[in-house]
Every structure is written in C-alpha cells, then in structure tokens.
Amino acid sequence: MKKLSIEKYNELTKNSEMLTNDLYGDKVLKLKDGRIVKLFRLKRFLSSALIWPYAKRFVRGVKILEKFNIPTVKSVELYKVPSIKRDIVIYQPLEGESLRDLIKKTKDPSELIFSFARFFASLHNKGIYFRAIHFNNVFVTPKCEFGLIDVSDLYYSFLPMTISKRVRNFKPFFHYKEDRQAIESFSLEKFLNIYLEYSNLKSKKSKTKFKKKVSKLFTQTRK
C-alpha cells in the first residue's frame, strides 16, 4: 500500500465536500473533480483489519464485481496516510441512483423490487455474498443495471452458497425501516417466489426450507 504524506493528503482534499463523518472524523469526501475519498480507521486494537485492512477488502470487492461484469466504482487507488492513522481509497463513483431513493420517488416500485429480487438471486448463484446489501448500497445505473457500492464486506466462493448463508444475507435490508416497508408493500411471499424462480436452488425441500427461514428472520427483525 502506497504512503501519502499529510501535505499531499491536504492538497488532495482541499476544498472537498464532506459527505459522511462520525465522532472520529471524516469518512467520505467528494473531491473537486468528482472523485470520492473513503477513509478507513482501525476500529479495534485486536482486529483482523491489522492483517487484512478494510481498504484492501474494498479493492478486493471491486475486483470481484468487475470479474462478473457487475457495475461498481471505478479507477480505485489505495493509500495509507500514517499521520492521520487512516487508509484511504480514491475512486470514480458509480453513476446512477440508490435503489432506496428510486423506490421513494417511484409511484409504483413493483418492477424495481421484482428486478432486485432477481438480481439478488443472481449474486448468490455466482457465489457472491455482500454483507452490507441494503438498498442504499444498491444502485440502478443509467443503463438500468443494478450495481453495488461500499463493497468492503463482499466475498466470493467457488462453492455453492448454503441455504443458511443465503438467508443470513437477507438480514441487512430487513433491518432498515424503508427497505423493509418496500418489501412488505410488495409482499415478502412474492419477493421470495421471484428469488427462488431465478435461484439455483432446485429441490422443493430446499426451497421450502429457505422460505421458512427467511420468513422467520423477517418476523424476528420486526421486533
């Protein structure tokens, strides 16, 4: 990972727009040229991030998606800024709008949710597991394709994805009120039927088990 001096970092981020921050400082900045700077800090002293930094995981996630021609951010650069104890990635943002924003502004978002159920199944069919798959991290591009952003927690496996893992991957957007309401309005039953129609789960037993587990998870996350 290349090192960036504080002078170069300040020069890079001069007159940038702060998009996200927290108690520890800036998290996401927009540069004057439109590129995005995402900052990563070590959250715990004893952490796997000491060995495999979040910034490197972000780059790995982008490469996985590029391999499968799934739209994501572009031209990723990776740096360490020792003086502020941060790793950073700089990239061109993905064009389009978040699925959450589009659902809000669309009078009847049924087609969007139908297409997302199909897309979600296709990710799992490919062995892609995205732990942060809520509707704000799913983008719809100008070409009407689904893409993903903020992909530090994205993994790929050659092995078929287990039912338990598929079910667990529903949890992120069940926890967000807007996303959950969108699924409820569309009908969870219909959403799951579409997912299964496009999934590579073949046996009736597997499909029944999957639906029962997701429905149970949906009920549990409502509390």
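**The largest pocket and the sheet beside its lining strands**

In this predicted model, the largest pocket holds about 1200 Å³ of space. A pocket here is an open set of points on a 1 Å grid over the protein atoms alone, where a 1.4 Å probe fits, with protein on both sides within 12 Å along at least five of seven lines. Its lining comprises 39 residues (each with an atom within 4 Å of a point), and T20, V28, K38, N137 and D150 lie nearest the centre. By residue class, the lining divides into 16 nonpolar, nine polar and 14 charged. At least two lining residues come from each of β2, β3, β4, α2, β6 and β7 (97-98), with β3 giving the most, five. Helices (H or I, at least four residues) and strands (E, at least two) are DSSP runs.

Turning to the sheet, six strands form an open arrangement with mixed pairing (at least two DSSP bridges between two strands), in the order β1-β5-β6-β4-β3-β2. Because β1 (2-3) and β2 (17-22) stand at the edges with a single partner strand each, one side of each is left without a neighbour in the sheet. Further in, β4 (residues 36-40) pairs with β6 (residues 86-92) in the antiparallel sense over five bridges, and I36 has Y91 of β6 as its bridge partner.

Helix α2 (residues 54-67) lies across β4, β5 and β6, running at about 170° to β5; angles run from 0 to 180 degrees between N-to-C directions of axes fitted to C-alpha atoms, for helices over the stretch in contact (heavy atoms within 4.5 Å).

Residues are numbered from 1 along each chain as its sequence is written, and side-chain values use heavy atoms, with hydrogens and water left out. Local features need pLDDT of at least 70 and side-chain atom pairs count only at pLDDT 80 or more, whereas totals for chains, interfaces and linings use all residues.

Methods: Grid points are joined across faces, edges and corners, and a volume is the space filled by probe spheres set on the points. Ala, Val, Leu, Ile, Met, Phe, Trp, Tyr, Cys and Pro count as nonpolar, Asp, Glu, Lys and Arg as charged, and the others, Gly among them, as polar.
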